[in-house]
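Student: Could you take me carefully through one part of this protein, the way its helices and strands pack against each other, and explain each term as you use it?

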Amino acid sequence: MPFVLSLDEGTTSARAALYNQKGERIAMCAEPFECRFPKPGWVEQDAFGLWDAQLRAAHALFERTGIAPKDVSACGITNQRETTIVWDRATGKPIAPAIVWQCRRTADFCAELARSPYGALIQKKTGLVVDAYFSASKIKWILENTRDGHAMANDGAILFGNVDTWLIWNLTHGEVHATDFTNASRTMLMDLNAGAWDNELLGIFGIPRVMLPEIKPSSGRFGAIAGEIFGAEIPISGVAGDQQAALAGQACFRAGLSKNTYGTGCFALTHSGDKRPHSNANLLATRAASLNETAQFAVEGSVFVAGAAVQWLRDSLGLISTAAESESYAASVPDSAGVYIVPAFVGLGAPHWDASARGIITGLTRAATRAHIVRATLESIAYQSRELIDAMEADAGEPIRELRVDGGAAVNNFLMQFQADILGKPVVRPVDVETTSLGAAYLAGIAEKFWSGVDEVESFWRVERRFEPKMAEDQREALLQGWRSAVARARVSS
Ligand code: ADP
C-alpha cells in the first residue's frame with residue numbers, strides 16, 4: 001500500500017504524518033521545540049533545533065506505524081512562514097538564530113519605511129503591508145548584524161531560506177535551494193503578479209539575489225529526500241506555507257472559499273482564484289497554492305497572538321496546566337464578568353497593523369477569578385477573528401456564509417461556540433483539523449498522480465461538527481462594544 005508523507009514544521013512543534021489513498025491520516029507524530037525571547041518583542045528559534053525536531057518526528061512516525069519509507073510515494077512540506085534563516089552554503093551552519101515571524105526587532109525600521117514613498121510601492125508590488133512580520137527586514141537585520149554579512153551574501157557564501165527552504169536543503173543534503181510561490185510571497189521580495197524576485201525590492205532592503213532560493217509551483221518535483229535519511233529516496237513534491245497549505249487541506253481550491261486556522265496565531269484566508277485581490281481594509285494579498293505555473297491568489301488576515309495567549313496562561317501565569325484545561329475553566333462561568341484581555345504582546349496585526357500596541361486586561365473587579373481570565377483569553381481569540389472576517393466581507397462586498405476552522409485550538413468547543421455566537425454565523429469543523437499537514441500531502445500526492453487532482457481530494461472533506469450561532473443580537477453587540485473599547489486602550493497604552 002503506498003502512502004504520502006507530510007512534514008509540518010509549525011511554530012511550536014514539528015509534525016510528521018502519513019496519509020493513505022483515501023486521504024485518511026494513518027498516524028501523526030509531533031516533537032515540540034522552543035522559542036526564545038531574548039528581549040521584549042524579540043522571538044528566536046534554533047534552526048538546527050527545528051531540523052532535528054522534524055527528523056525525530058518523521059523517524060518516530062516510521063517506527064510507530066511500521067510503514068517502510070520505500071512505500072512512500074511523495075513527501076509534502078509545510079512550514080511556519082516568514083521565519084528567516086541564513087546559513088553558510090559550504091558548511092550548512094546557520095550564521096544567526098532563526099528570526100521567528102512574530103519577532104518585532106525590525107519594527108522601527110519598517111515603520112519608517114512604511115511612511116516613506118517606498119511604503120506604497122512595496123504594498124503595490126507585494127500585496128503586503130510593510131511590517132516587521134515579513135522576511136525582508138529580518139534578512140537585512142542579519143546581514144547588518146553579522147561581521148562581513150553583506151560581503152558573504154554578495155559572494156554567494158551564505159544563503160537565505162524560510163523554514164521550507166531550510167528543510168529542503170537539509171533533506172537533499174544541500175542539493176536543492178528552492179521555495180514555492182506561497183512562501184516567496186511572504187518575503188516582501190517577490191513581485192506578487194510576476195511570481196519572481198524583484199530587483200527594486202531587493203535594492204530597498206540591500207539583499208543580493210544570489211542568496212535567494214529558486215521559486216517553484218507548490219505542487220511539483222522539488223528534489224528527493226536523500227536515501228540515507230530514512231532508508232529510501234522519497235520525492236519532495238509539494239511545498240506550501242502553513243496557511244496556504246491549510247486552505248488546500250480544507251479543500252478550498254476555488255474562489256470564494258474561506259477558512260480560519262487557530263494556532264499560535266489566527267489566520268483567515270479566502271481563495272481569490274486567478275485574480276489578485278485588492279484590499280481596502282488592510283488585508284494582505286498573497287499567493288494560494290498553485291498546481292502549475294498559473295498564479296493563484298488569496299486574501300489573508302492574520303492575528304499574531306491567538307493560541308499563544310493560551311500558552312501564556314499556562315507557561316507565564318500558571319493559571320492552567322494544559323491548553324485543553326482552558327475549555328473547562330471558561331465553561332465554568334456564564335460570562336467573563338466584564339473582563340477583556342487584548343493579547344497584543346507583539347503589537348496588533350490585521351486590520352489594525354499597530355506594532356506599538358501592547359497587551360492589556362480591562363474590566364477587572366474583585367469578582368474576577370481565574371476562570372474569568374481564562375475565559376476572556378479564549379474570547380479574545382474569537383473577537384480578533386471576527387475583526388478579520390468583518391474586513392474580508394467589507395472587501396469582498398458580500399457576506400461569508402460560514403467559516404471552516406482548523407488548527408490546534410479549534411478542538412476547543414467553548415471557543416468554537418463562542419466564535420459562532422460572536423460572528424453570528426455557523427462555524428464548521430472538519431473531521432481532520434490537521435489541515436495544514438493534509439494540504440501539504442494533497443499538493444505532493446497530486447503532483448505524483450497519487451491522487452487524480454483537485455476533484456478527488458475535495459471529495460475527502462467531511463464535517464465533524466457545526467456550531468450554530470445562539471447568541472442574541474443585542475448581547476453580541478454589547479460584547480463587541482466592550483471589545484472595541486479594550487482594543488482602543490491597548491493601542492494608547494503603549
Ligand atoms: P502552530 O502550528 O502555530 O504551532 P497548532 O495548530 O499546533 O499551532 O496549535 C497550537 C496552539 O493551540 C498553541 O498555542 C496552544 O496553546 C493552542 N491550543 C492547543 N490546544 C488547545 C485547546 N484545547 N484550547 C485552546 N488552545 C489550545
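**Helix and strand packing**

Tutor: The crossing of α1 and α6 is right-handed, a term used when the near helix is turned clockwise from the far one by less than a right angle (left-handed if anticlockwise). The model is predicted, with local features requiring pLDDT of at least 70 and side-chain atom pairs counted only at pLDDT 80 or more, while totals for chains, interfaces and linings use all residues. Residues are numbered from 1 along each chain as its sequence is written, and side-chain values use heavy atoms, with hydrogens and water left out. Helices (H or I, at least four residues) and strands (E, at least two) are DSSP runs, numbered from the N terminus.

The axes of helix α1 (residues 47-65) and helix α6 (residues 163-171) come within 11 Å and cross at roughly 65°, where axes are lines fitted to C-alpha atoms, for helices over the stretch in contact, and angles run from 0 to 180 degrees between N-to-C directions. From α1, the residues A47, F48, L50, W51 and Q54 meet V163, W166, L167, N170 and L171 of α6, contact meaning heavy atoms within 4.5 Å. By class, this contact between α1 and α6 has 8 nonpolar, 2 polar and no charged residues; Ala, Val, Leu, Ile, Met, Phe, Trp, Tyr, Cys and Pro count as nonpolar, Asp, Glu, Lys and Arg as charged, and the others, Gly among them, as polar.

Turning to the strands, an open sheet of 6 strands with mixed pairing has the order β3-β2-β1-β5-β14-β13, and two strands are said to pair if DSSP finds at least two bridges between them. At its edges stand β3 (25-32) and β13 (219-225), each of which pairs on one side only, and neighbouring strands of this sheet are turned by 25° against each other on average, direction ignored. Edge strand β13 is joined to β14 (residues 234-241) by 4 bridges in the antiparallel sense, with A224 standing opposite P235 in β14.

Within this sheet, strand β1 (residues 3-9) has 7 of its 7 residues buried, so β1 is largely enclosed by the rest of the structure; buried means under 20% relative accessible area, exposed over 50%, and partly exposed in between (1.4 Å probe, protein chains only). Both of its faces are covered, with F3, L5, L7 and E9 buried on one side and V4, S6 and D8 on the other. Strand β1 pairs in the parallel sense with β5 (residues 72-79) over 7 bridges, and F3 stands opposite V72 of β5. With β2 (residues 13-19), β1 runs antiparallel and shares 6 bridges, D8 standing opposite R15, while a hairpin of 3 residues joins β1 to β2.

Elsewhere, an open sheet of 7 strands, also with mixed pairing, has the order β17-β18-β16-β15-β21-β22-β23. Strands β17 (284-287) and β23 (463-467) stand at the edges, and because each has a single partner strand, one side of each is left without a neighbour in the sheet. On average, neighbouring strands of this sheet are turned by 30° against each other, direction ignored. Helix α14 (residues 413-423) packs on the sheet, touching β15 (258-262), β21 (403-406), β22 (427-430) and β23, and its direction makes about 145° with that of β22. Further along the sheet, β16 (residues 266-273) and β18 (residues 297-303) run antiparallel and are joined by 7 bridges, C266 standing opposite V303.

Two helices add detail on burial. In α4 (residues 135-144), 8 of the 10 residues are buried, and what covers them includes β6 (85-88), β7 (98-99), α2 (107-115), α5 (149-154), β8 (158-161) and α8 (199-205). In helix α10 (residues 242-249) lies Q244, which counts as buried because its relative accessibility is 1%. The side chain of Q244 makes polar contacts with the side chains of R81, at 3.1 Å, and T286, at 3.3 Å; a polar contact is a pair of N or O atoms within 3.5 Å, where, within protein, one must be able to donate a hydrogen and the other to accept it, and residues adjacent in sequence count only if both atoms are side-chain atoms.
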